[in-house]
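I open this notebook to record what I looked up in the structure shown below. The entries follow the order in which I went through the elements.

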Amino acid sequence: MKRRLWIATLVVAALLWALVVAPADAARPEGTLTVAVATFGNERWLPHLYVGAEDVVLKPLWENLLSRDAKGNLIPMLAERWEVSDAGRTWKFHLRKGVRFHNGTEVTAEDVKFTFTSIAREGSANSMAPEFRTIKSIEVEGPYTISLRFDKPFVTLGNRVTHGLFASVAYIQSKKHIETAGEQGAERQPVGTGPWKFVEHVRGDRIVYEAVENHWRAAPHWKRLVFVKVPEPATRMAMLRAGSADVIEIGGEYVDELKKVGMRMLTMPNVAAVWVILGGQWPTKPTYDPKVPWAQPDAERAKKVRLALNLAVDKKAIIERVLGGVGTPVGTVNYYPTDPWISDALLKPLPYDPAKAKALLAEAGYPNGFEVTMNLTAWPGRGYLPDVGEAVATYWEKVGLKVKRRPVDRAVFSADFRARSYAGVALAYAGPIIAPEPWELFARIAQTKSAVHLLVEHPKLDAFIERLGVEPSAAERTRIMREELGPWLYEYMPAVSIGATHSIAGVGPKVGDWPLIPGHMGIHNWEYVTRK
Amino acid sequence: MLARSRDLPWFPGAILAALVVTAVFAAYLAPQSPTAGDITAKLIPPVWMERGDWEHPLGTDRFGRDVLSRIIYGSRISLLVSLIAIGVAGTFGTVLGLISGYRGGLTDVFLMRLTDIALSLPIILIAVVMVAVSEPSFRNVILVIALLLWPRFARQIRGETLAVKEQDFVALAVVAGRSSAWIISRHIFPNVVPTLLVITTLQVGYVVLLEGTLSFLGVGVPPPSPAWGLMIADGRGFLASAWWISLFPGLAMLSTVLAVNLMGDWLRDHLDPKLRQLGGRAVVLESADAVPVGHAIQEAPARGAAAGDGG
Amino acid sequence: MWRYLIGRVFQTLLSMLVVTSIVFVLTRLSGNPVHLLLDVNATERDQEILMRHLGLDQPLPVQYALYVKNIFLGDFGNSVLTRRPVTEHIWERLPATVELGFVAMLISVLIGIPLGIYSAVRRGGVLDSGARVFAVLGQSMPTFWLGLMLILFFAVVLGVVPAGGRGGLSHLILPAFTLGYFTSAAILRLTRSSMLEVLGSDYIKFARLKGLHEQVVLWRHGLKNALLPVVTFAVMLFVQFLGGAVVTETVFAWPGLGRLILESITTRDYPIVQAGVLVLSALYLTGNLLVDVLYSYLNPKIRHARA
């Protein structure tokens, strides 16, 4: 009798186990997700050593103070709440308790201070170093509380410490780990708080991560995440088709090919604004050349030329044909169709009117066109730029310009770029959405005092940027951008604005869907990728 | 030894003639412009497929440019680049080879070491570095290829010079007090001409492949030129949806090089009876004393093993 | 014999030095890596610090002298990108290139030698013509195009092999064949002509006169002699494959040395480019040297001439 009771208990226990515990086991991560990307950037793992192009492959390992929700608002991540005071001069973050690095130590304010100080240090390669250097002081007010103080109001600091950014390289790193293992050690065996832990890094070839069990925020569905570096998009395409890669970074030119081979496409909408830079619009610099047609001292004639260059280009066709339809033509440079500060007037691109363009050129004194060089240069993650440049060059040729194509490596061009010595040269560029508000990008690349300039040096533009930089009210900033900055940009027309483009990825049959953070240019949220 | 009519290289000859005609009369033969594309007409398939169009018999590429026209104009590029590069390299290499072979001694050792060094450089990589210094252009491609090609000429001509040098009429000329320059130009050079001809023809194929490879890697002829290598590179990512962009230029390149190689073979077989009998190895083995055999073996398939790849 | 040997070794070393100097100068002319390592908004100060750290702030002759000195000490410097020793990177990628080169050579030899032999023996027959067509096609085909077509057919359309990357045997087939096809043609022609020459030689005629069985004539006497140049050529080929199957590695995303150098050129990682090209040249020159020595030792004619 007792024996039968035992057996019954065992059977019931087994049933209970099968019903309760085993299904939980089935939710354990399994399988390897292989992602083919174009570049690993510098392949560095310390805050002052990575630039930002590494973002996609570094994201699994680390986390930021804040993140973004589906509507684009800032939400907590490692910081559970934050306060902005003194018109944006002080930012106070309260950290979540109990979050641990992969080596077991808890995340404290000291780690945040250490990370931010690293980013700002002298010789830092980090793309955010200039912003972090404006921090006047970092005060650790407790193990989980930290305050950043600035001299001038930094109204949008939140955008610099969020997980949902292109090149959000303010990942919080472990002070203890870097100090104990040393920089070399920390580079060989990096440690973070993300849902993936570091396994292996073969330089120039692959980076391997493994899912962290019992992570505070997310439970990956895949056991292993492997990034392989494959610079040629054609090869990535072939790998996706053959099944050697499950997700690939790919450009809009491949939309048709993806459809043809029956692969899905993941879209990250409105993550870059494409425009053709008209180099030379820097009248105060020694490299200014007054003979450049679109930058000449006679403002009226220069404007006519710029207008002609715009009318000569069929922006809709470029977005649809060259970029595979993954984008929207926009009339105002660096404005996106989903922005709160967009209006119909600002959105509408100039019409395609080559006849009028020719007439305008003649009016401006160039009845037989003029010579221009079109640089064909690719930027990381934006390999379609040479194609856009080629297409624009062909359009300009149709209205009589003589366009010399110059395929030039970024490395070779960067010296010219920084020295502003490319007057009279045009090139296609895509400004990534490093922050939601357009003036934040302009602050980097469109001020007279900026290190590189991608628009036009103009006191009015400088004034706008300064004003917006210290305006604490978001509503007021929106108004300025919609009613003042936008119209001025549209009217002045410093560039040939093509429009807003999306980023796409090719997805294979083994991979399910997953949520994305809006405005994020690189593929991300690997911990939420589902399995099919 | 007169060639019998059925021995004549009809097949390669015809292709080469067609090539030259195409290159010269490209403007009349090509239905469209090779560079003026219309992106609303992009990726049209060849005429025998659905959506195909007689206006674009071989289809269009990503920028709406006509593939057939580009192939036709591309023949010009392949021809010009190879002829000019070979001209430059051949002249330079032959002169060097003649001097080196005739004078011997330290000059010879020095020049041969120079050739060694030049040959030991991994061709493709050096070309990439050289173009990285400047930028891709027609002139640079020719320069780069010529710079990497001359050692092949130098080496072979030197070998020939050494063989010819041993002949009696040379000794007689020396005794008669003729200057080196006179001997080289009057006696040596005319005798190396057959070999020179053979090498030149064989190198054309190699150079076409090399230019194609460099353009494919983006360090050759710059866009929007319709260089065949560039066209193949352009179509790389679209093998499934637009295979015609890469396929046809590749066939063009293949046919050209094939014809040139077959022609070169024929020339070699018919110009030098010694060579003909042994399929080209006699030069190699008989001058074993003169030329370190390792190198000779290395050069044996005169096209060079490195032609298609790294180098 | 020994004087010759030492002389050649010395010349080889000198050649290597010249090669590396050429690459040194060329790479430094091609642009500053600092701009690629830093963000566009990096200050002048940041650039200075980085350049000092990388040793790029010194005048060119000083950099060169330091570089040469370090080579003799076996120090090839650190990668500009990763700051790790260059030798580490090269060792990391060398196995992949060696693997590819070895299998490619194997394929070349396995295709080229038998076809070459049959072609020579059955001279003028259908097989001979077929083999010669195969050979001349192989030497006329652009490798990168062949690679792409093979990917299209076998990986994309048929799906029987992966499209790129390194892994097991299935990853190796297409790139090794692409690389090996071209040289199999060369080996085929060399084998054929070498066999023809040997078969037509007095030695063989004498063996036939002696009444030896045709098979014995062929295999024991003919083949051995015929294959000697082929084998040395195959070894040279292997060395050349190591040298830079750059294009094949690119088309198939094979993580080898050639591709490493190519990428390092793009990122202006001078130390890797310099050391990489030096390694490749050294392999070529050393291979040459070995073959020369081997051949002159083995070939009695030359050995006696030198003695």
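**Strand pairing in chain A**

I began with one bridge in this predicted model: A:Thr328 stands opposite A:Ala500 in E17(A). Strands here are DSSP runs (E, at least two residues) and helices likewise (H or I, at least four residues), both numbered from the N terminus. I noted the conventions: residues are numbered from 1 along each chain as its sequence is written, and chains are lettered from A and ligands numbered from 1 in the order in which they are written. As this is a predicted model, local features need pLDDT of at least 70 and side-chain atom pairs count only at pLDDT 80 or more, while totals for chains, interfaces and linings use all residues.

I then looked up the strand to which A:Thr328 belongs: strand E13 (residues 327-329) of chain A is joined to E17(A) by 3 bridges, and the two run antiparallel. Strands are taken as paired if DSSP finds at least two bridges between them. A:Ala500 is also the bridge partner of A:Ala273. Strand E12 (residues 264-278) of chain A pairs with E17(A) over 10 bridges, in the antiparallel sense. Strand E11 (residues 247-250) of chain A is antiparallel to E17(A) as well, with 4 bridges. In E17(A), A:Gly506 faces A:Ile248.

How many residues of E17(A) are buried? I found 12 of 12. A residue is buried if 20 or more other C-beta atoms lie within 10 Å of its own, exposed if 12 or fewer, and partly exposed in between, with C-beta atoms placed from the backbone.

**Backbone exceptions**

Most residues other than glycine have a negative phi, and most peptide bonds are trans. I therefore listed the exceptions, beginning with A:Asn525, whose phi is positive, near 60°. A:Asn525 lies in the segment after strand E17 (496-507) of chain A. A:Asn525 is partly exposed because it has 18 other C-beta atoms within 10 Å.

C:Ala253 also has a positive phi, of about 50°. I placed C:Ala253 in the loop between helix H11 (246-251) and helix H12 (257-266) of chain C. C:Ala253 counts as buried because 28 C-beta neighbours lie inside 10 Å.

In chain B, I found a cis peptide bond between B:Pro223 and B:Pro224, with omega about 0°. B:Pro224 sits in the loop between helix H8 (180-217) and helix H9 (228-234) of chain B.

**Chain B: a glycine, a helix and an interface**

I next examined B:Gly97, in helix H3 (residues 67-103) of chain B. Why is B:Gly97 buried? It is buried because 28 other C-beta atoms lie within 10 Å. Leaving aside residues up to four places away in sequence, B:Gly97 touches B:Phe153, B:Ala154, B:Arg155, B:Gln156, B:Ile157, B:Arg158 and B:Thr161. Contact requires C-beta atoms, placed from the backbone, within 7 Å. B:Gly97 and B:Ile142 are 45 residues apart in sequence and 21 Å apart in space, C-alpha to C-alpha.

Helix H4 (residues 105-120) of chain B has 16 residues and reaches 22 Å from its first C-alpha to its last, close to the 22 Å expected. The expected span is 1.5 Å times one less than the number of residues. Among the buried residues of H4(B) are B:Leu111, B:Met112, B:Thr115 and B:Leu119.

For the contact between chain B and chain A, I recorded 19 residues from chain B and 24 residues from chain A. The side of chain B that touches chain A divides into 11 nonpolar, 4 polar and 4 charged residues. Ala, Val, Leu, Ile, Met, Phe, Trp, Tyr, Cys and Pro count as nonpolar, Asp, Glu, Lys and Arg as charged, and the others, Gly among them, as polar.

**Chain C and confidence**

Chain C has 14 helices and 0 strands. Buried residues make up 53% of its 307 residues.

The mean pLDDT (the predictor's confidence in each residue, from 0 to 100) of chain C is 80, and 90% of its residues reach 70 or more. Where in chain C is confidence lowest? I found the lowest mean, 49, in helix H14 (residues 300-306) of chain C, and the highest, 87, in helix H5 (residues 86-121) of chain C. Over residues 302-307 of chain C, pLDDT stays under 50. Where pLDDT is low, the predicted coordinates should not be read in detail. For the complex, the predictor gives an ipTM of 0.79 and a pTM of 0.79.

Conventions
Two residues are in contact if their C-beta atoms, placed from the backbone, lie within 7 Å.
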